[in-house]
Amino acid sequence: MLLALAEARAAFALDEVPVGAVVVLDGRLIASAHNRTRTECDPTAHAEVLALRAAAKVVGAQRLVGATVYTTVEPCFMCAGALSHARVARVVWAVRDPKFGGAVSLGSVLTDVRMNHRCTVAEGECADEVRELLRAFFEDKRRKARDTNRTE
């Protein structure tokens with residue numbers, strides 16, 4: 001999770017929503033990524049999706065059977081769907097996303113018994129650090145918006 005947190009900090013430095021993800025297979029890191037939706041002008045450039053794409057290239061297959069994905073924030077519905085399609089074994093995140101979370105907050109894409117693949121999930125690792133990073137990012141966004149409104 002510390003590597004995912006480092007990716008989230010890299011996103012923060014690029015003025016991206018600070019989310020990072022890493023893929024571990026057979027005990028070794030095979031891919032890492034951070035959000036790049038703004039940088040790439042791509043609404044699908046979420047950390048989890050980018051990490052899955054990179055990992056699939058390393059493995060040479062679309063399935064990442066046995067992999068664990070560590071992500072700093074609960075996956076959204078899109079990312080949860082991608083994680084399921086990739087057949088990852090386990091997904092671990094630090095904090096829930098009450099507005100977009102598709103794993104537990106608003107849905108259960110990763111564990112729903114109706115799905116043809118289910119993942120093991122866990123949460124809470126490095127939660128305080130991730131929560132603080134997100135708070136700082138969005139507080140800065142709100143401050144900049146207030147400052148802009150004052151100068152107009």
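The radius of gyration is taken over C-alpha atoms, and the globule rule sets its expected value at 2.2 Å times the number of residues to the power 0.38. For the 152 residues of this predicted model, that rule gives a radius near 15 Å for a compact globule, and the 16 Å of the protein chain therefore agrees with it. The chain has 4 helices and 5 strands, and a cluster of ring pairs links Phe12, Phe137 and Phe138.

**Overall form and surface**

- From the N terminus on, the order of elements in the protein chain is α-β-β-α-β-α-β-β-α.
- The C-alpha trace spans about 55 × 30 × 25 Å along its principal axes.
- Of the 152 residues in the protein chain, 45% are buried.
- When contacts between residues at least 6 apart in sequence are considered, 55% of them join residues at least 24 apart.
- The protein chain has an accessible surface of about 8000 Å², and carbon and sulfur atoms account for 55% of that surface.
- Side chains carrying charge comprise 21 positive and 19 negative ones, and 3 Å separates the centres of the two sets.

**Aromatic pairs**

- A pair of aromatic rings is described by the distance of the centres and the angle of the planes.
- Searching the whole structure yields 2 aromatic pairs.
- One of these pairs joins Phe12 and Phe137, whose ring centres lie 5.8 Å apart with 65 degrees between the planes. Planes over 60 degrees apart count as edge-to-face, and the pair of Phe12 and Phe137 is accordingly edge-to-face.
- This pair links distant parts of the chain, since Phe12 belongs to helix H1 (residues 2-13) and Phe137 to helix H4 (residues 127-151), 125 residues apart.
- Phe137 also forms an edge-to-face pair with Phe138, at 5.0 Å centre to centre and with 85 degrees between the planes.
- Buried means under 20% relative accessible area, so Phe137, at 2%, is buried.
- Phe12 counts as partly exposed because its relative accessibility is 30%, and Phe138 is likewise partly exposed, with a relative accessible area of 36%.

**Helix H3 and its surroundings**

- Helix H3 covers residues 77-85, and its buried residues are Cys79, Ala80, Gly81, Leu83 and Ser84.
- The cover over these buried residues includes helix H2 (47-59), strand E3 (68-73) and strand E4 (90-95).
- Just after H3, the backbone at Arg87 takes a positive phi of about 65 degrees.

**Cysteines with positive phi**

- Cys41 lies in the loop between strand E2 (28-34) and H2. Its phi is near 50 degrees, which is a positive value in a residue other than glycine.
- Because exposed means over 50% relative accessible area, Cys41, with 71%, is exposed.
- Cys126 is located in the loop between strand E5 (120-123) and H4. The phi of Cys126 is near 65 degrees, again a positive value in a residue other than glycine.
- Cys126 has a relative accessibility of 16% and therefore counts as buried.

Conventions. Residues are numbered from 1 along each chain as its sequence is written. This is a predicted model: local features need pLDDT of at least 70, side-chain atom pairs count only at pLDDT 80 or more; totals for chains, interfaces and linings use all residues. Side-chain values use heavy atoms; hydrogens and water are left out. Rings of Phe, Tyr and Trp (its six-membered ring) pair if their centres lie within 6.5 Å; planes under 30 degrees apart count as stacked, over 60 as edge-to-face and the rest as tilted. Helices (H or I, at least four residues) and strands (E, at least two) are DSSP runs, numbered from the N terminus. Buried means under 20% relative accessible area, exposed over 50%, partly exposed in between (1.4 Å probe, protein chains only). Contact means heavy atoms within 4.5 Å. Accessible areas come from the Shrake-Rupley method with a 1.4 Å probe; for residues, only the protein chains shown count as cover. Lys and Arg count as positive and Asp and Glu as negative; His and the chain ends are not counted. The place of a charge is taken as NZ of Lys, CZ of Arg, CG of Asp or CD of Glu.
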